[in-house]
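I opened the model today and kept notes as I went. Here they are, in the order I looked things up.

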Amino acid sequence: MMVKVRAFALFREILGKEMDMDIPEGLTVLALLEAIGSAFPVFRQEAFDGSGRLKDYVLLMINKKRINPLNDLSLPLAEGDELAIFPPVAGG
């Protein structure tokens, strides 16, 4: 099944603006992020801590709705879903 991954700011520099990914049915948000990290080691370094946990400040949205990385990483993705990944953004 196909899902779209959109990356912003620093993650866009690493992954590109967006990519369509063919993933197995029922794949979770975390499993997709881990697969992206395997394909893009710099993304893994920026998004995950040394123990392999997603860093607290990474913001995720599925279909333009923010999800809680502490509770929702086990959500299964569905055909046509869009996962947006935001790194921390500082303003001034």
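**Helix α2.** I started with the side of α2 where Ser38 and Ala39 sit, and both are exposed. I'm working with a predicted model, where local features need pLDDT of at least 70 and side-chain atom pairs count only at pLDDT 80 or more, while totals for chains, interfaces and linings use all residues. Residues are numbered from 1 along each chain as its sequence is written, and side-chain values use heavy atoms, with hydrogens and water left out. By exposed I mean over 50% relative accessible area, by buried under 20%, and by partly exposed anything in between (1.4 Å probe, protein chains only). Helices (H or I, at least four residues) and strands (E, at least two) are DSSP runs, numbered from the N terminus.

Next I turned to the other side of the helix, which spans residues 29-39. Val29, Leu32, Leu33, Ile36 and Gly37 are buried there. They cover an arc of only 140° around the axis (taken from the directions from the helix axis to the C-beta atoms), so they fall on the same side of α2.

**The sheet.** In what order do the strands of the open sheet run? I read β2-β1-β5-β3-β4, 5 strands with mixed pairing; two strands pair if DSSP finds at least two bridges between them. β2 (18-22) and β4 (65-67) are the edge strands, each pairing on one side only. From one strand to the next, the twist averages 30°. Axes here are lines fitted to C-alpha atoms, for helices over the stretch in contact, and angles run from 0 to 180 degrees between N-to-C directions.

I then checked how α2 meets the sheet. The helix lies across β1, β2, β3 (59-62), β4 and β5 (82-86), at about 60° to β5.

**β1 and β2.** β1 (residues 2-7) pairs with β2 in the antiparallel sense, over 5 bridges. Val5 has Met19 of β2 as its bridge partner. Side chains alternate along β2: Met19 and Met21 point to one face and are buried, whereas Glu18, Asp20 and Asp22 point to the other and are not. That fits the usual rule, as side chains in a regular strand alternate between the two faces of the sheet.

I also looked up Arg6, in β1. Its side chain makes a polar contact of 3.4 Å with that of Glu18. A polar contact is a pair of N or O atoms within 3.5 Å; within protein, one must be able to donate a hydrogen and the other to accept it, and residues adjacent in sequence count only if both atoms are side-chain atoms.

**The core.** Which residues have the most contacts inside the largest nonpolar core? I found Val29, Leu32, Leu33, Ile36, Phe43, Leu60 and Ile85, in a core of 27 residues. Such a core is a set of buried Ala, Val, Leu, Ile, Met, Phe, Trp, Tyr and Cys residues joined through side-chain atoms within 4.5 Å. The largest share, 4 residues, comes from α2.

Leaving aside neighbours within four places in sequence, Leu60 is in contact (heavy atoms within 4.5 Å) with residues including Val29, Leu33, Leu73 and Ile85.

**Loops.** Last, I noted two backbone angles. Most residues other than glycine have a negative phi. Ala9, in the loop between β1 and α1, has a positive phi near 55°. Asn63, in the loop between β3 and β4, also has a positive phi near 55°. Ala9 is partly exposed at 42% relative accessible area, and Asn63 is partly exposed at 42% as well.
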